[in-house]
Amino acid sequence: MLEVRNLFKAYEDKSLLNDISFTVAEGETICLLGASGSGKSTLLLIIAGLESSDSGLVLFNGLELTNTPPHLRDFGLVFQDYALFPHLNVNENVAFGLRMRRIRQVEIDERVATSLELVSLAEFGNRKVNDLSGGEQQRVALARALAIRPRLLMIDEPLGALDRTLREDLLNELRMILHQAKIPTIYVTHDQEEAFTIADRVLILHNGEIVRAGTPVDVWANPQSAFVARFLGLGNLLDGEVIAENRFQTQQGLFTVECDHKHSNGDKVHLLVRPLATDAQRELNALNGIVADMIFQQDRFKITLENGFYIYLKEAQEIGQKISVQVKVECLA
Amino acid sequence: MKQTISHGDVQSLKRVKGLFALVSPWLGRILLWLLPLTFLAIFFFLPLSRVFALTLNASAFTAENFKIAYSALRFTFYQAALSTFLTLLLGLPSAYLFARYDFGGRSILRALTAIPFMLPTVVVAASFNALFGQRGLINNLIHPSSFILHPFIAILLAHVFYNTTIVIRIVGSALSSLDPKLEQAAHSLGANSFRGWWYVVLPPLRPALLASTLLVFLFDFTSFGVILLLGGSQYTTLEVEIYIQAIKQLKLPLAALLAIIQLVCTLIFSILYTRFVARAAQQLAPRSVHPRKSKTIFEKTIITAFIFLLSSFFLLPLASLPIRSIFRLEADRGQRGEVQYGFTTDYYTELFVNRRGSVFYVPPIQATLNSLSYAGVTVVLSLLFGYPAAFALARPSRLEKILDPLIMLPLGSSAVMLGLGFIISYGKWLTSPLLVPFAHTLVALPFVIRTLQPAIASIPQRLRQAASSLGASPFEVWKNIDFPILRRATLAASTFAFTISLGEFGATLLISRPEYPTIPVAIERFLLQPGGLNYGQATAMASILMLLAVFSILVIEKFRLPNSGEF
């Protein structure tokens, strides 16, 4: 369906997007995950046709869109600050795109009602948008974008301004709506929890480049780079040096890790120490240290060691105690 | 998945409407500027250059011409300096009063002092005439006194009446942002009252003082209607001299020479003013002082007396005009014997009668209709030229930084000079009544742009992008997003244009045909003709114009964005 091919964009000599390529398949939700300033929103505006790229192509069903103005692209866009029209009420906001398409009034009414129902705002049609709460405004923005039955839906940080419980509720609601609508969707966020909840596939953006792409399970299991592991908070990172095949010297001692890529002696690598204790029999590596701090987290304890590493354990430990835990260690790039 | 527009549709539409996407941002900007700049080129810069060219004509540089120019220039400076001094004399205590004291009717009195600034010059001139003139209220009602104000003093007072609000606004806002604790600190450090003022209060006020002084001086320097109508033939400033030389003496080269001298002077003052405004704006501290009630009896007496003086000075001329328009105080022309003095509605009913029936005589109601239709056309034209310019200026690029001062230039040049430029450049079309609204548009355009621009800038770009992504074409975006949100600002801008056109006097007097007079031109004619009926009709028309202007001021204040459109 949507294909983005080798997009470049610079702003005032600063590279904003650097050779971005990806596809979105029919009914698929992909998530652009990245810190603020990583170029996510710019990418959406370029796909929508509201900004131009310096080079590269945006294609839909194989047809190139460069010369198609934004209002003819049929792409729904939900803005971060919603961008609801303040002089129109909820109904009129949702009807806007349909009016632009010169659809008969009867059908407009019908589709506005359906869209509002989908976001559970059926009774809100005559309200002023400025009287709505943040969560309600967010849902009106979504209804407005869905009402035109877009060929592609793009959502920019929709939950950023909302408080935590509202976010979780809306996130689940959004997931169901996207599944129901079966519209290919690009969802932009800086929140990994959001991304992993909603996405079929995650693209992690860093300094205008896609540094990792894959399903949530794949990305989680196999971050591939130190940046992704750190960004997702997957565990403790260690600098290591190769001293023999699958043997690494670190500040924490020697580790034995099976590595996918070939290394020669003396190479520097990053090691990821997952913070979960594993079965001692199968794992070759142990994390040693003195307990510095312990935080109770419902079903487990987060233990911080004096050397800065952390690990999750089922049992409480005493502060000042020396412990040794078998851990899973992975080799990154 | 359902689709409302299939891709084939998009492809075919692409060829037609894809043009919008192909238009580069630069080309878009140039398209926006095309209309306003063409208008300015034809109706401002070309006439201006023709005036210049005429000055270079050898016949302009004669000893006699320079003598006339010198005496006009000297008197212009003299009256402007004196008027400015008097304005400061009234304005500074008033500014202090409004900034520091709280009293009943404070905001009403403040609004009252601001009204004259927006009134057409003929209305102010007629008001002073109705109060102090030979046929005015004082001279006719208080009989033994036989009091007639000297014309020169009437000019000065009218200038003070006009411009005091500038001092109150600029100096007052600087004063109220000045922490009174500074003065107290100075006293605690051993400064007496005078030294406290001199060293602590005055220095931060200096830019505001200079800015308001220059602005008042600039307005007094280019004053036309007040001097022509109140001063009679003996007092000629540069403005009046340009008019006399161009219309009465038909010496266009001399008029052009005077106009250039005038332009150079106003340009210098404008540049100085802009510099001081920039500095005055920097100095404003965010904290403001709350005005307080007067405490001691001495303080109370002084303040009450000053409030009385201030309110009478502003109220009396404004009130005397409508009062004079409904009282017969002198006999009509040709009326002998039985004259009913006192209350009358004749002056208003006479407006609808064509008493003389001559070819060149136009009944007042016709002048009113002319004025209204000119004003209507001015509104349309100034929105037509103002909207694209305001759109471009709301999101300024490098281009706009150059064009912004250029488009504000007509503000700095006098109305009489604009009229002179029209006469020189388009003399053969002067028989057409269409030229007048173009001149009015020129005067109104800076105000219209400055009203629309902040409103346009206040619309988030996101809203336009959202509309565009929902399928609105660029025109539909403007129609459905910009226009509805800008309705209030558009109304304010239209009212500005309408009011300016209704009251415009200088340019209109030069270029309007005798058979198409406007209300101000008709008022001038009536004022200068003998007989009680003519005078009464002048006051009646001026009263109507005043009512329209005050109504417009209220509309503008209601619909303008707060904190916008300071000039």
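Colleague: Is A:Gly62 buried or exposed, and why?

Modeller: This is a predicted model, so local features need pLDDT of at least 70. A:Gly62 has 8 C-beta neighbours inside 10 Å, so the residue counts as exposed. The cut-off for exposed is 12 or fewer.

Colleague: Where is A:Gly62 found?

Modeller: A:Gly62 sits in the loop between S4 and S5 of chain A. Look also at A:Leu2. The two residues are 60 apart in sequence, yet their C-alpha atoms are 7.9 Å apart in space.

Colleague: What do S4 and S5 of chain A do on either side of that loop?

Modeller: They pair. S4(A), residues 55-60, is joined to S5(A) by two bridges, and the strands run antiparallel. In that pairing A:Phe60 stands opposite A:Leu63.

Colleague: Which sheet holds them, and in what order do its strands come?

Modeller: An open sheet of four strands, ordered S2-S1-S4-S5 in chain A, with antiparallel pairing. Now check the edges. S2 (14-24) and S5 (63-64) of chain A each have a single partner strand, so one side of each lacks a neighbour in the sheet.

Colleague: How do I read a sheet with mixed pairing?

Modeller: Start with the strand order. In chain A an open sheet of six strands reads S6-S7-S8-S3-S9-S10, and its pairing is mixed. S6 (75-78) and S10 (209-214) of chain A are at the edges with one partner strand each, so each has a side without a neighbour in the sheet. From one strand to the next, the twist averages 15°.

Colleague: How many bridges join S3 to S9 in chain A, and which way do the strands run?

Modeller: Four bridges, and the strands run parallel. S3 of chain A covers residues 29-33 and S9 of chain A covers 201-206. One facing pair is A:Cys31 and A:Val202 of S9(A).

Colleague: Which strands does helix H1 of chain A lie across?

Modeller: H1(A), residues 40-48, lies across S3, S6, S7 (152-156), S8 (185-189) and S9 of chain A. The helix runs at about 150° to S7(A). Then take H4(A), residues 134-147. That helix lies across S6 and S7 of chain A, at about 175° to S6(A).

Colleague: Which strands does S14 of chain A pair with?

Modeller: Take the two pairings in turn. Six bridges join S11(A), residues 236-244, to S14(A), residues 268-277, in the antiparallel sense. S14(A) also pairs with S18(A), residues 322-331, over four antiparallel bridges. Follow A:Val273 across: A:Asn236 stands opposite this valine, and A:Val329 in S18(A) does too.

Colleague: How is chain A divided into domains?

Modeller: Domain 1 spans 2-223 and domain 2 spans 235-331. Their C-alpha centres lie 39 Å apart. Along the principal axes, the C-alpha atoms of chain A fill a box of roughly 75 × 45 × 35 Å.

Colleague: What is the secondary structure of each chain?

Modeller: Chain A has eight helices and 18 strands. Chain B comes to 25 helices and two strands. Next, burial. Of the 333 residues in chain A, 40% are buried; of the 567 in chain B, 44% are. Then contact range. Take contacts with a separation of 6 or more: residues 24 or more positions apart account for 63% of them in chain A and 82% in chain B.

Colleague: How should I describe two packed helices?

Modeller: By the angle between their axes and the distance between the axes. In chain B, the axes of H6 (121-132) and H14 (297-325) come within 8 Å and cross at roughly 80°. That makes H6(B) roughly perpendicular to H14(B). Residues making the contact include B:Phe128 and B:Leu131 of H6(B), and B:Leu316 and B:Leu321 of H14(B).

Colleague: Which residues have the most contacts inside the largest nonpolar core?

Modeller: B:Ala158 and B:Leu420, in a core of 124 residues. Domain 1 (25-53 + 350-567) and domain 2 (57-325) of chain B each supply at least three residues to this core. Apart from it lies another core, of 95 residues, among them A:Val4, A:Leu33, A:Val219 and A:Val273.

Colleague: Which residues does B:Ala158 touch?

Modeller: Skip residues up to four places away in sequence. Then B:Ala158 touches B:Val124, B:Ala125, B:Phe128, B:Val226 and B:Leu230. B:Phe128 also takes part in the contact between H6(B) and H14(B).

How values were computed: Residues numbered from 1 in each chain as written. Chains lettered and ligands numbered in written order. Predicted model: local features only at pLDDT ≥ 70, side-chain atom pairs only at ≥ 80, totals over all residues. Domains from an automatic or database assignment. Core = buried A, V, L, I, M, F, W, Y, C linked by C-beta atoms within 7 Å. Buried ≥ 20, exposed ≤ 12 C-beta atoms within 10 Å, placed from the backbone. Contact = placed C-beta atoms within 7 Å. Pairing = 2+ DSSP bridges. Axes fitted to C-alpha atoms, helices over the stretch in contact; angles between N-to-C directions. Parallel < 35°, antiparallel > 145°, perpendicular 65-115°, else oblique.
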